[in-house]
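Take a look at the protein shown here. Keep an eye out for its empty spaces.

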Amino acid sequence: MTGLRTDLYELRMAASYLRRGMTEQATFSLFVRRLPHRRGFLVAAGLAEALAFLEDFAFDDTELGHLRDVLGFDEPALTALAGLRFTGDVWAVPEGRVVFADEPLLEVTAPIAEAQLVETGVLNLITFHTTVATKAARCRLAAGGAQLVDFAFRRTHGIEAGAGVARASAIAGFAATSDVEAAMRYGIAPSGTMAHSYVEAFPDERAAFRAFAADFPTNPIFLVDTYDTPAGVRAAVDVVTELGLTGPLGVRLDSGDLGALAREARAILDEAGLRQATIIASGSLDEDVIAGLVAQGAPIDGYGVGTKMGVSYDAPSLDSAYKLVAYGDRPVLKLSPGKATLPAAKQVFRAPTGAAGDVVGLRDEPPPDGREPLLVQVMRGGRRLDTADPAEAVRAARGRFDADLDWLPEPARRLTDPAPPTVTVSPALAALHERVAARLGRH
């Protein structure tokens, strides 16, 4: 059960709504107020996990007992919560689509207590996955045609976060992950070589490489920097020659001047006739390091990206919000300085070219100027509308991201000083905002 996976104030508000018979439909909008530093776009992710959370939302007897015995909830509140399930509708930006600040990623419409209770879980999932997918997308932009592998699992903020990183990075174009369970769950290619401990466990590098290649002869990747990198590459060459390996193989560099060592390794491999051998780099990589290696022409075929991608090191979260925009037939808004909101259920309208920018309008207004609506209905009556298996969902999201990356204008793609497209408000939404503000005595 997931009923207690929320903040206490959500439970108190929900209980108060239910006590007062406030059961009308409420719409909440989830959006990001501003892009993090050096981000020209975001990659929508986490929707599948959020919808699963909504479908499973309920309170079991143990959770209700905790609310009664520890938090002091009375019997009327417990009775109301005991039968509560999420029965609402959800409109959302499909995973993999590129989005910008002040655009709804997801909107929930449900009886107000239900919509309020799920705020924390939905906000957590969408924020985390979108943050990581965006960081991974920047690594992809930096890497050019080189392959990227998720190496983040050992340093993500929790075991389940590791699976989330594997999934989010796959959406953004990573080719594989070191997380074996996540690879199985989401249909991602697993990837792994050896650790320095493996090399150290043998008398010398040749013995380690010989054993590894004998046990795993299909595409062995030799970690060559345990002692002396050029000597390690030569040891790998000797083992390949000795065992007569002819299939795919490679070496991994994990420390030192990766650009210089990659050039030296390439020369050794080529001289030995191993031009097909790949060079993989890892070790504290992010988009800036990768871009620097690409700019200097380092002969690196793939990058294992770990901690700095898995925790989105330079921008570990988003200024995301989940705000009430309508209750019953009444559109509502917030006027707080720096945190103002737009009323009513909304839609994002996108032009065929990214330079034209997006328009945020009312959900029921017609698309302007041949634009396409971005949000689609993904849940009705508390049940998902798309039942694709997890692997297919990741593949479809990856396809959407590939298309949107081509659509994204160059200024927004820049790793440094990006300039996102302009997001404007439709005349109809602007007029509604003015009417609601006037009703509240503010202009």
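What follows is a short report on one annotated region, one helix, and the pockets and cavities.

The model is predicted. Keep that in mind as you read.

## The annotated region

Begin with the record. An unreviewed UniProt entry annotates residues 4-126 as "domain: Nicotinate phosphoribosyltransferase N-terminal". In this model, that stretch is 43% helix and 20% strand. Its end C-alpha atoms lie 18 Å apart.

## Helix α1

Helix α1 covers residues 8-19. How far should its 12 residues span? At 1.5 Å a residue, the expected span is 16 Å. The end C-alpha atoms are 17 Å apart, so the model agrees with the expectation.

Now look at its sides. E10, L11, A14, A15 and Y17 are the buried residues of α1. Seen down the helix axis, these buried residues fall within an arc of 160 degrees, so they line one face of α1. R12 and R19 are exposed on the other side of α1.

## Four spaces

Next come the empty spaces. Rolling a probe the size of a water molecule over the atoms shows where empty space is left. The table lists two pockets and two cavities with their volumes and linings.

| Space | Volume | Lining by class |
|---|---|---|
| Largest pocket | about 1200 Å³ | 20 nonpolar, 14 polar, 12 charged |
| Second largest pocket | about 590 Å³ | eight nonpolar, 10 polar, five charged |
| Largest cavity | about 50 Å³ | six nonpolar, two polar, one charged |
| Second largest cavity | about 30 Å³ | eight nonpolar, one polar, no charged |

## The pockets

The largest pocket has a volume of about 1200 Å³. It is lined by 46 residues, and the closest to its centre are L47, A48, E49, L125 and H129. Which element gives the largest share of this lining? That is α6, with nine residues. Helix α6 spans residues 119-143. Other elements that each supply at least two residues include α2 (47-56), α7 (159-171) and α8 (180-186). Further along the chain, β18 (376-380) and α15 (390-407) also supply at least two each.

The second largest pocket holds about 590 Å³ of space. Of its 23 lining residues, F151, R154, R155, R252 and D254 are the closest to its centre. Two or more lining residues come from each of β12 (302-305) and α14 (307-310).

## The cavities

How many cavities of 30 Å³ or more does a search of the whole structure find? The search finds two.

The largest cavity holds about 50 Å³ of space. Its lining is A44, A45, G46, L47, V93, E95, L105, I126 and T130. One of these, L47, is also among the residues closest to the centre of the largest pocket. By class, six of the lining residues are nonpolar, two are polar and one is charged.

The second largest cavity has a volume of about 30 Å³. F222, A236, V237, V240, L249, G250, V251, L269 and L274 line it. Helix α11 (229-243) and strand β10 (250-253) each supply at least two of these residues. Which of the elements gives the most to this lining? Helix α11 does, with three residues. The lining of the second largest cavity has no charged residues, just eight nonpolar and one polar.

Terms used: Residues are numbered from 1 along each chain as its sequence is written. This is a predicted model: local features need pLDDT of at least 70, side-chain atom pairs count only at pLDDT 80 or more; totals for chains, interfaces and linings use all residues. Side-chain values use heavy atoms; hydrogens and water are left out. UniProt positions are given in the numbering used here, feature names are shortened, and annotations may be inferred rather than shown by experiment. Helices (H or I, at least four residues) and strands (E, at least two) are DSSP runs, numbered from the N terminus. On a 1 Å grid over the protein atoms alone, a cavity is a set of points where a 1.4 Å probe fits but cannot get out, and a pocket is an open set with protein on both sides within 12 Å along at least five of seven lines; lining residues have an atom within 4 Å of a point. Grid points are joined across faces, edges and corners, and a volume is the space filled by probe spheres set on the points. Ala, Val, Leu, Ile, Met, Phe, Trp, Tyr, Cys and Pro count as nonpolar, Asp, Glu, Lys and Arg as charged, and the others, Gly among them, as polar. The expected span of a helix is 1.5 Å times one less than its number of residues. Buried means under 20% relative accessible area, exposed over 50%, partly exposed in between (1.4 Å probe, protein chains only). The arc is that of the directions from the helix axis to the C-beta atoms.
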